[in-house]
Amino acid sequence: MSEVTPELTFEVLKSVQARLAQVDGKIDEMKQEILALRTSPNAARQDVTSVFQEIAAVHATLVRHEGRLERIERRLELNEAPVR
């Protein structure tokens, strides 16, 4: 069996230190991926909320225009007689 020398111990420790640095890098990458996974649903939720708000605004505009059109038709006496 070979003798354990300080030089051999130092070489092993350098190897361990290099591998720990790689592990730290991989952990940082995983943290970034997890953060991206957390923010992705939030962004999608905000997009859906924005679409719903736009649809609500379009609906409100259509309701307003429908009311105006009915008033114009009444004023011009363009209303059709009810069908029986």
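Let me begin with a pair of residues: K14 and E11 sit 3 residues apart in helix α1, which means that about one helical turn separates them. These two form a salt bridge, with the closest N and O atoms 3.5 Å apart, and the count of salt bridges comes to 1. Before I go on, please keep in mind that what we are looking at is a predicted model.

Staying with this pair for a moment, we can ask how far each partner is covered by the protein chain. K14 is partly exposed, because its relative accessible area is 38%, and E11 is also partly exposed, because its relative accessible area is 43%, where partly exposed stands for values between 20% and 50%.

Now let me step back to the chain as a whole. How many helices and strands does the secondary structure of the protein chain come to? The answer is 1 helix and 0 strands, and that helix, α1, covers residues 6–75. The overall dimensions can be put in two ways. Along the principal axes, the C-alpha atoms fill a box of roughly 110 × 25 × 10 Å. The radius of gyration of the protein chain is 36 Å, whereas a compact globule of 84 residues would have one near 12 Å. As a further illustration along the helix, E11 and E29 are 18 residues apart in sequence, and their C-alpha atoms are 28 Å apart in space.

With those dimensions in mind, let us turn to the surface. Of the 84 residues in the protein chain, 0% count as buried, and the cut-off for that word is a relative accessible area under 20%. The chain exposes about 8,400 Å², of which carbon and sulfur atoms supply 60%.

Three patches on this surface deserve a mention, and I will take the nonpolar one to begin with. V4, L8, V12, V16 and L20 make a nonpolar surface patch of about 440 Å². One of its members, V12, is found in helix α1, and V12 counts as partly exposed because its relative accessibility is 48%.

The other two patches are charged. D24, D28, E29 and E33 gather on the surface in a patch of negative charge, and E33, one of these residues, lies in helix α1. A patch of positive charge on the surface is formed by R64, R68, R71, R74 and R75, and among them R74 has its place in helix α1 as well. For the charges of the protein chain taken together, there are 12 positive and 14 negative ones, and the mean positions of the two groups are 11 Å apart.

Finally, I would like to look past the end of the helix. Which residue other than glycine has a positive phi value, near 55°? That residue is E77, and E77 lies in the segment after α1. Is E77 buried or exposed? Its relative accessibility is 69%, so E77 counts as exposed, the threshold for that word being over 50%.

To draw this together, the picture to carry away from this predicted model is of a chain with 1 helix and 0 strands, in which 0% of the residues count as buried. On its surface there is a nonpolar patch that includes V12, a negative patch that includes E33, and a positive patch that includes R74, while K14 and E11 form a salt bridge.

Conventions. Residues are numbered from 1 along each chain as its sequence is written. This is a predicted model: local features need pLDDT of at least 70, side-chain atom pairs count only at pLDDT 80 or more; totals for chains, interfaces and linings use all residues. Side-chain values use heavy atoms; hydrogens and water are left out. Patches are made of residues with over 30% relative accessible area and no salt bridge: like charges are joined within 9 Å, nonpolar side chains (Val, Leu, Ile, Met, Phe, Trp, Tyr) within 5 Å. Accessible areas come from the Shrake-Rupley method with a 1.4 Å probe; for residues, only the protein chains shown count as cover. A salt bridge is a side-chain nitrogen of Lys or Arg within 4 Å of a carboxyl oxygen of Asp or Glu. Lys and Arg count as positive and Asp and Glu as negative; His and the chain ends are not counted. The place of a charge is taken as NZ of Lys, CZ of Arg, CG of Asp or CD of Glu. Helices (H or I, at least four residues) and strands (E, at least two) are DSSP runs, numbered from the N terminus. The radius of gyration is taken over C-alpha atoms; the globule rule is 2.2 Å times the number of residues to the power 0.38. Buried means under 20% relative accessible area, exposed over 50%, partly exposed in between (1.4 Å probe, protein chains only).
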